[in-house]
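Visitor: I would like a close look at one part of this model, taken slowly and with its contacts spelled out. Could you start from a single side chain and build the picture outward from there?

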Amino acid sequence: MGGCCPPMDLLRSEPMQLVQIIIPIESAHLTVSYLGDLALLQFKDLNSEKSPFQRTYATQIKRCGEMARKLRFFKDQMLKSGLPPPKSLRQVDLNVDDLEVKLGELEAELIEINANGDKLQRSYNELVEYKLVLQKAGEFFHSAESSARLQQRDESRRNGDDDLDTPLLDQESSTDPSKQVKLGFITGLVPRGKSLAFERILFRATRGNVFLRQAVVENPVTDPVTGEKVEKNVFVVFYSGERAKNKILKICDAFGANRYPFTEDLSRQAQTINEVTGKLSELKTTIDIGVLHRGSLLQTIGEHYEQWNNLVRKEKAIHHTLNMLSLDVTKKCLVAEGWSPTFASKQIQEALQRAAFDSNSQVGAIFQVLHTTEPPPTYFRTNKFTSSFQDIVDAYGVAKYQEANPAVYTIITFPFLFAVMFGDWGHGLCILLATLYLIVRERKFSNEKLGDIMEMAFGGRYVILLMSIFSIYTGFIYNEFFSVPFELFGRSAYACRDLSCRDATTAGLIKVGPTYPFGLDPVWHGSRTELPFLNSLKMKMSILLGVVQMNLGIVLSFFNAKFFQNGLNVWFQFIPQLIFLNSLFGYLSGLIVMKWWTGSKVDLYHVMIYMFLSPLDELGENQLFSGQKTVQLVLLGLALVAVPWMLFPKPFLMMKQHEARHHGHQSYALLENTEESLQVTSNHDAHGHEEFDISEIFVHQLIHTIEFVLGAVSNTASYLRLWALSLAHSELSSVFYDKVLLMAFGFNNWIIRIVGIIVFVCATVGVLLLMETLSAFLHALRLHWVEFQNKFYEGDGYKFYPFSFVSHDDEDE
């Protein structure tokens, strides 16, 4: 911003125009594509009465949605395989029809590979479990058979019978053949977390007529059904009878226990284990080959993923835009309407000519400007520095077309008011270093997905940069570095008369040198009760800043009124508001400056109170300059006159203007673009004439007058938050320094000192650099939104959103 005036492209929104484009159907697609690359035209929806399914290009959008689904499927598969989509290394010309076919083929192939891989992996996991069952259950049966052989050998020695061929589970009574029992068994794996409940339910269901053995599997195994790693136990359940078997099978299904066949024949067990091991080896080889093939396919997809994704997004955005255009079937053309900046006319026409040439259209598009009374959108040309300040203003409300933009002044006033509350050049330096890191790594962070808090900090990096620089500046003025004063710009002008005043701030101090050259003298950072100078300085400075900023808001309302040719607001809003505000609080600001200049001991509180309560009394010791009583009477009279000045004349003049527009030779005159014409509530009778209700206008003006009068008082008081927040920040910083850091260093123990340093750093970062920063930021935001912008800013416009492929990419993300 050069010179004394802000740039017009930021103070006032860009001049806008409503344009109409008649596009031949054969070049419509390419035309919209080029306009999307240009990003200077906001299309109007000319088919708002139609549902999305009734529009011309609904089928094409559905096709694009299906292709986008396939691309999301590919992305998920790449992420699951640990292959994030790489940047496209090569560009391949591919139209949408060919891409649709290719994506379908790749999806079918990938689904088939996944299905085969899942099937093979499930078989592999089942064989792994089967092998574990064979090994663990085989140990059960081997141990049981060894015990049975020893027992039979002892009995044979006593009975003279050496027959050891009796089956393990077929135990016959030699004395009573009628009591012969045949046992069956079931083997499998059960999750270890359910094994205890599994055993308990088995015994309850069979009334204890089962025998259960379990063995722990050392390492987790992959469950064939869920595909997750699970800790399991191998179990063998011995039972008697078909009824018990059915109960056991149902319980196994309920507990997710996988069952596997098993034979008690040791030779068959060894043979089965060898067969399973061989199958596992074959399956492992087949699975590895499938994984390599799948990885190769995903790698190929990844090389073109970004290009394909951009093409699909672009195609979908184009057809969405084409659906907003009106179709003229007879003339075989599409009619588009939209808003564009006036400077973009030449660029749009060049894009239309290029689209007609590239599409081999025999007829070019027709571009024409339409005249309309519809309010245009608001468009400010910003850069990466000014965009964050514009976002602060737009969060309150978008400026209406050609309204004065508060962002121009916010660039300076916002970080400065923040710094008034946050002023400490030590804390400001910490924030500056953190912000410089964000700015240096700007290119890297702009291409990464950041968290919510980090995203906000990075987006407002230039706002924070100015906040930190201004905080360092105000910190030098307050002479505070983590609440500690330093003699940076010279020695203090004061010294102690003797040792008794060493800790004093007033008594015993004498001036021994020149005035401290910049900022607050270091000795004035003593007790606030003994010398409240810094306290008083911040409080009075808050009033001065508030009055100056509120006056700036009223002046901007004057320029808005002049710009919109609103004479009534100039004479009956701007002038009385300026008189009322400065008759009271402008006068107070002048007294503050005069008191500082003269060094007077006049109590300004009494001056302002008795100016209203006893305006005719003599001032006595409260007199600051000669003729002060007369000046106060004149200012008080002006303030009293300003109130009816704002209230009464405007409604009657608006009624007079209304009558003049509807009588005589002015009955057909064009209406001025004034606020009055918008404020009038009109009712149309059968002949089309407007009815003017002066009572309603009067009530409206009364509300505005009361709002300003009360707001002038409350807004001025609201600026005292600058003093309160600054005092709170300084006191908190002093507490952390005195009660944590200095107290810790008062101990002759390095552990306590290190702990004190850690607590001090954590408190400084957590409370002062984060919480206090956020608090001061929000209060500065309120001062701009409420106390400053309400004087002139309506913010009832709507933003200019040109058709752009970049914005569509962000929305999809």
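Guide: In this model, which is predicted, Lys314 is a partly exposed residue with a relative accessible area of 28%. Its side chain forms a salt bridge with Asp37, and the closest N and O atoms of the two are 3.9 Å apart. Since Asp37 belongs to helix 2 (residues 25–38) and Lys314 to helix 7 (residues 266–322), the pair ties together parts that are 277 residues apart in sequence. With the distance rule applied throughout, the count comes to 22 salt bridges, and a few others are worth setting beside this one.

Asp45 and Arg55 form a salt bridge in which the closest N and O atoms are 3.1 Å apart. Both residues lie in the loop between strand 2 (42–43) and helix 3 (58–80), ten residues apart. Asp45 is partly exposed, at a relative accessible area of 32%, whereas Arg55, at 15%, counts as buried, because the cut-off for that class is under 20%.

Helix 7, which carries Lys314, also holds both members of another pair, Asp288 and Lys284, placed four residues apart, about one turn of the helix. Their side chains meet in a salt bridge at 3.8 Å, N to O. Asp288 is partly exposed with a relative accessible area of 36%, and Lys284 is partly exposed with 41%. Elsewhere, Arg63, Asp97 and Glu100 are joined into one network by salt bridges that share partners.

From the charged pairs we can turn to strand 12 (residues 333–341), where nine of the nine residues are buried, so this strand is largely enclosed by the rest of the structure. In a regular strand the side chains alternate between the two faces of the sheet. Here Cys333, Val335, Glu337, Trp339 and Pro341 point one way, while Leu334, Ala336, Gly338 and Ser340 point the other way, and all are buried.

Strand 12 has several antiparallel partners, among them strand 1 (residues 16–24), to which it is paired over nine bridges, with Ile22 standing opposite Val335. Strand 2, the strand that precedes the loop holding Asp45 and Arg55, is joined to strand 12 by two bridges and runs antiparallel to it; in this pairing Phe43 stands opposite Gly338. Strand 11 (residues 326–328) pairs with strand 12 over three bridges, again in the antiparallel sense, and Asp328 has Cys333 as its bridge partner. These two strands form a hairpin with four residues between them, and in that hairpin Lys332 takes a positive phi near 55 degrees.

A separate sheet offers a useful companion view, since it is an open sheet of four strands in the order 6-9-5-10, with antiparallel pairing. Strand 6 (210–216) and strand 10 (258–260) stand at its edges with a single partner strand each, so one side of each is left without a neighbour in the sheet. Neighbouring strands of this sheet are turned by 25 degrees against each other on average, direction ignored. Seven bridges join strand 6 to strand 9 (residues 232–239) in an antiparallel run, and within this pair Arg213 stands opposite Val236. Helix 5 (residues 195–206) lies across strand 5 (184–191), strand 6 and strand 9, and runs at about 170 degrees to strand 6. Helix 6 (residues 242–254) lies across strand 5, strand 6, strand 9 and strand 10, and runs at about 165 degrees to strand 9.

Further along the chain, helix 19 (residues 649–661) packs with helix 21 (residues 694–718) at an angle of about 145 degrees, their axes being 9 Å apart, and the crossing is right-handed. Lys650, Pro651, Phe652, Met654 and Met655 of helix 19 meet Ile694, Ile697, Phe698 and Gln701 of helix 21. Sorted by class, this contact has seven nonpolar, one polar and one charged residues.

Definitions and conventions
Residues numbered from 1 in each chain as written. Predicted model: local features only at pLDDT ≥ 70, side-chain atom pairs only at ≥ 80, totals over all residues. Heavy atoms only, no water. Salt bridge = Lys/Arg side-chain N within 4 Å of Asp/Glu carboxyl O. Buried < 20%, exposed > 50% of the residue type's maximum accessible area, 1.4 Å probe, protein only. Pairing = 2+ DSSP bridges. Axes fitted to C-alpha atoms, helices over the stretch in contact; angles between N-to-C directions. Contact = heavy atoms within 4.5 Å. Left-handed = near helix turned anticlockwise from the far one by under 90°. Nonpolar A, V, L, I, M, F, W, Y, C, P; charged D, E, K, R; others polar.
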